Amino acid sequence: MKSKLPDVGTTIFSVMSAMASECDAINLSQGFPDFTPNEYLLDRLSHHAHNGKNQYAPMNGIPELRHAIATLTQECYGRAIDPDTEVTLASGATEALFVAIQAVVNPCDEVILLDPAYDSYAPAVTLAGGICKHISLMPPSYQPDWQQIAAAVSPKTRLIIVNSPHNPTATVFSDNDWQALANLAEQHNLLVISDEVYEHIVFDQARISAHRYPALYDRTFIVSSFGKTFHATGWKLGYCIAPPALSAEFRKIHQFVTFTSFTPAQYAVTDMLNEYSDEVHGLGGFYRSKRDCFINAMQASRFNMLPSAGTYFALADYSAISDKNDVDFCEELTRQHGVAAIPLSVFYKTPPNSRIIRFCFAKREQTLLDAAAKLCAL
Ligand SMILES: Cc1ncc(COP(=O)(O)O)c(C=O)c1O
């Protein structure tokens, strides 16, 4: 049989997590917390499962949660959205990204991706028959060059996918970046997918989203994830906010990909947003102390830590330690030194010649200190 995705193997996240567990290494590779979510959230999940909320939820998500998302959006970005026509719950941001891409990409449409790019984008474009145009963001700053991006736009370009705060580089779009994106999209009549799953995890500036740019929002699918916001990646609950016409197309596909998402979690997250929205607004501060703990502990190492402005990741340049390529170095780190990380090259179509890996610091302080102690010994 001819594969529809001949170049796709198992994602690097599964590979490195499996290696970490095989070697009993500290897993700073895959992006998930090693601590439990808020007890209240867990209690509400149990409560709703025990009180009849176990059947299909409405296809777009329960109205209570869509309203709570609209309230949160208003609080964060000062923007009123219609929960009935603009908000759709999905089974994780991964599903929302996949559905948004299928909704708008037609065969032979070109889609601009900024590498290093989250690894689910390109296969979803390929399955829709689209063609990925990769633009590389270069170390150490990973700043987008909007002239270079504009030069990649052709009459066939349909969509650009952006991600801020950015996995894996931990950079955050500036106001200039958002303006440049809005201008580009408007000038060339592009649609936009704005992957904002780390929207609440920014350290040194206010949260900025496509919501803040009304002309941009009119052509954008904004995707977010309660997995990241509430330390519950395994619940796979995300959502898409988009103008009514785009949401309508999104829903046509969502209904046949999964129809609806895990019902008790929708009720539990609604309660959490209604009772503990402070936890969302405090997320940047919560992760800032983890970032500082890890980066401070790494100062004694021979890794050169790059700045982390958002997300729960930090990049490290290991060129003072090894000449190996990043995939081999991550394997050596896991098997011989007991810490798993993610190589950056796998997020690129054409990787730059650099020696940089990604650590996840969504971990208990002791985990971070134990990992740093091992890394400082190198
Ligand atoms: C940039 C980015 N987008 C999307 C996702 C997927 O989110 P979810 O677990 O809600 O599907 C992740 C998860 O790591 C991510 O880092």
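About 70 Å³ of space lies in the second largest cavity of this predicted model. Three elements each give two or more residues to the lining of this cavity: helix H3 (63-77), strand S7 (220-225) and strand S8 (238-241). Helix H3 provides the largest share, with 4 residues. The full lining can be followed along the sequence: Leu72, Thr73, Cys76 and Tyr77, then Glu196, Glu199, His200 and His211, and finally Ile222, Ser224, Tyr239 and Ile241. Sorted by class, this lining has 6 nonpolar, 4 polar and 2 charged residues.

How does one look for such spaces in the first place? Rolling a probe the size of a water molecule over the atoms shows where empty space is left. Across the whole structure, the search finds 2 cavities of 30 Å³ or more.

The largest cavity holds about 130 Å³ of space. Its lining is made up of 16 residues, and those nearest the centre of the cavity are Leu114, Leu137, Asn163, His166 and Phe173. Strand S5 (residues 157-163) gives the largest share of this lining, 3 residues. By class, the lining of the largest cavity divides into 10 nonpolar, 5 polar and 1 charged.

Attention now turns from the cavities to the ligand. The space that the ligand takes is the largest pocket. Around the ligand stand 13 residues, and the closest of these are Thr94, Asp195, Tyr198, Lys228 and Lys236. Which helix gives the most to the shell around the ligand? It is helix H4 (residues 92-104), with 4 residues. The shell as a whole has 5 nonpolar, 5 polar and 3 charged residues.

A look at individual atoms adds detail to this picture. Lys228, already named among the closest residues, places a polar side-chain atom 2.7 Å from an oxygen atom of the ligand. Ser225 likewise has a polar side-chain atom that lies 2.7 Å from a ligand oxygen atom. With Ala93, the backbone takes part: a polar backbone atom of Ala93 is 2.8 Å from an oxygen atom of the ligand. How much of the ligand does the protein bury? Taken alone, the ligand exposes 400 Å², and the protein buries 93% of that.

Technical notes
Residues numbered from 1 in each chain as written. Predicted model: local features only at pLDDT ≥ 70, side-chain atom pairs only at ≥ 80, totals over all residues. Heavy atoms only, no water. Near = heavy atom within 4 Å. Polar contact = N/O pair within 3.5 Å; in protein donor to acceptor, adjacent residues only side chain to side chain. Areas by Shrake-Rupley, 256 points an atom, 1.4 Å probe, with all protein chains shown as cover. 1 Å grid on protein atoms, 1.4 Å probe; cavity = no way out; pocket = protein on both sides within 12 Å on 5 of 7 lines; lining within 4 Å. Sits in = over half its atoms within 2 Å of the grid points. Nonpolar A, V, L, I, M, F, W, Y, C, P; charged D, E, K, R; others polar. Points joined across faces, edges and corners; volume = space filled by probe spheres on them.
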